[in-house]
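Work through the exercises below with the sequence and the structure open. Each task is followed by a solution in steps.

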Amino acid sequence: DISPRKMAFSLKNLRSIGIQGRRRRGGRLTVAGVRERKMSSGAAASGERVRCAFIGAGDISTLHYEGVQKCDNAELVGIWSLPSCSVVTDREAVARRYGCRLYATPEELVRDPGVEAVFVLTNMETHHDFAKMAMEAKKPVLVEKPVASSIEELVSLKAISQENNVAIMPGHNYIYEPWFDRTKDIVSNGDLGTIVATYVLFNIHHPPEFTGRDSMQGVIRQILTHHSYMAIYLMGGAPARVSAFSSCLENGSVEKENVAMVNMQMHDGALAHLQANFAADDHGADPWSVYVKVIGTKGT
């Protein structure tokens, strides 16, 4: 649902997982080494490659692999994938394609002193346990969205991060896009005045042969997760009230929601409308294929 470029490490991504990005050089990101606080695997000296490993080797891992490849001093050293995973039928082939080691177990991966950062790229239901395993091994973690299955799991992950003094970050990639960063600055600086409404829209047809894949979830998990964190980030906090609807339309035999809408009222009274649609393209003259708009009393 997103391009490889969007998944490439950004400077802010790298800071968040304990790897400090310094500058762009020749169009490629550079990494200046892990954060100064000590990790069990040892902090990499400036200029050394930060050694990353993936738990999960499905479709999304390809985008993260391409992201790591765009970092001059980060490298992928290993992967682990569930042997019975229906999405990854040849784990050895994935490891060969990425040019890295295939670990026998996730425990072996997180305990390897040669691994300095862990990406959790499995299905949402397993995120908590794998992220916990990595943090207890003193490894900073990036967790794909949605991060957890419940608020209780999120609270638990925050506590484990604090107890082990290691960073954990969500794969909320859109907020690191240059255009989104600029929008946030404009909002935060007050250039738009009082924010009254935010719209985050997505209308790109995904046929049943795509939505029916085992690796694909419904449009809520695939797309509205992005919309939610984008709106909350732009508008400065969690909503006071939420209403939502979803439907499954023109999706063949696939029983997954492919249209969903959310309305949020923020604590200051501002409103947000989030909409995601796999059922049809927007064929209008000004299509809302991927569309973000913030309306304020002084500008839009």
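Helices (H or I, at least four residues) and strands (E, at least two) are DSSP runs, numbered from the N terminus. The model is predicted, so to speak of a local feature takes pLDDT of at least 70 and a side-chain atom pair counts only at pLDDT 80 or more, while totals for chains, interfaces and linings use all residues. Residues are numbered from 1 along each chain as its sequence is written, and side-chain values use heavy atoms, with hydrogens and water left out.

**Exercise 1. Backbone**

Task: locate Glu250 and state whether it is buried or exposed.

Solution. Step 1: Glu250 sits in the loop that links β10 (241–247) and β11 (259–265). Step 2: its phi is near 50°, a positive value in a residue other than glycine. Step 3: the relative accessible area of Glu250 is 73%, so it is exposed (buried is under 20% relative accessible area, exposed over 50%, partly exposed in between, with a 1.4 Å probe and protein chains only).

Task: do the like for Lys138, then find the cis peptide bond that ends at Pro146.

Solution. Step 1: Lys138 lies in the loop between α6 (124–136) and β7, with phi near 65°, also positive in a residue other than glycine. Step 2: Lys138 is partly exposed because its relative accessibility is 29%. Step 3: the bond from Lys145 to Pro146 is cis, with omega near -15°. Step 4: Pro146 belongs to the loop between β7 (141–143) and α7 (151–164). For reference, most residues other than glycine have a negative phi, and most peptide bonds are trans.

**Exercise 2. Sheet**

Task: give the strand order of the open sheet of 6 strands and name its edge strands.

Solution. Step 1: two strands pair if DSSP finds at least two bridges between them. Step 2: the order is β5-β4-β3-β6-β7-β8, with parallel pairing. Step 3: β5 (101–102) and β8 (168–170) are the edges, each pairing on one side only. Step 4: β4 (residues 74–80) is joined to β5 by 2 bridges, and Ile79 stands opposite Leu102 in β5. Step 5: helix α4 (residues 91–98) lies across β3 (50–55), β4 and β5, at about 170° to β4 (axes are lines fitted to C-alpha atoms, for helices over the stretch in contact, and angles run from 0 to 180 degrees between N-to-C directions).

**Exercise 3. Helix packing**

Task: describe how α8 meets α10.

Solution. Step 1: helix α8 (residues 178–188) packs on α10 at an angle of about 35°, with the axes 9 Å apart. Step 2: on α8, Trp179, Phe180, Thr183, Lys184 and Val187 are in contact with Met230, Tyr233 and Leu234 of α10 (contact means heavy atoms within 4.5 Å). Step 3: by class, this contact has 6 nonpolar, 1 polar and 1 charged residues (Ala, Val, Leu, Ile, Met, Phe, Trp, Tyr, Cys and Pro count as nonpolar, Asp, Glu, Lys and Arg as charged, and the others, Gly among them, as polar).
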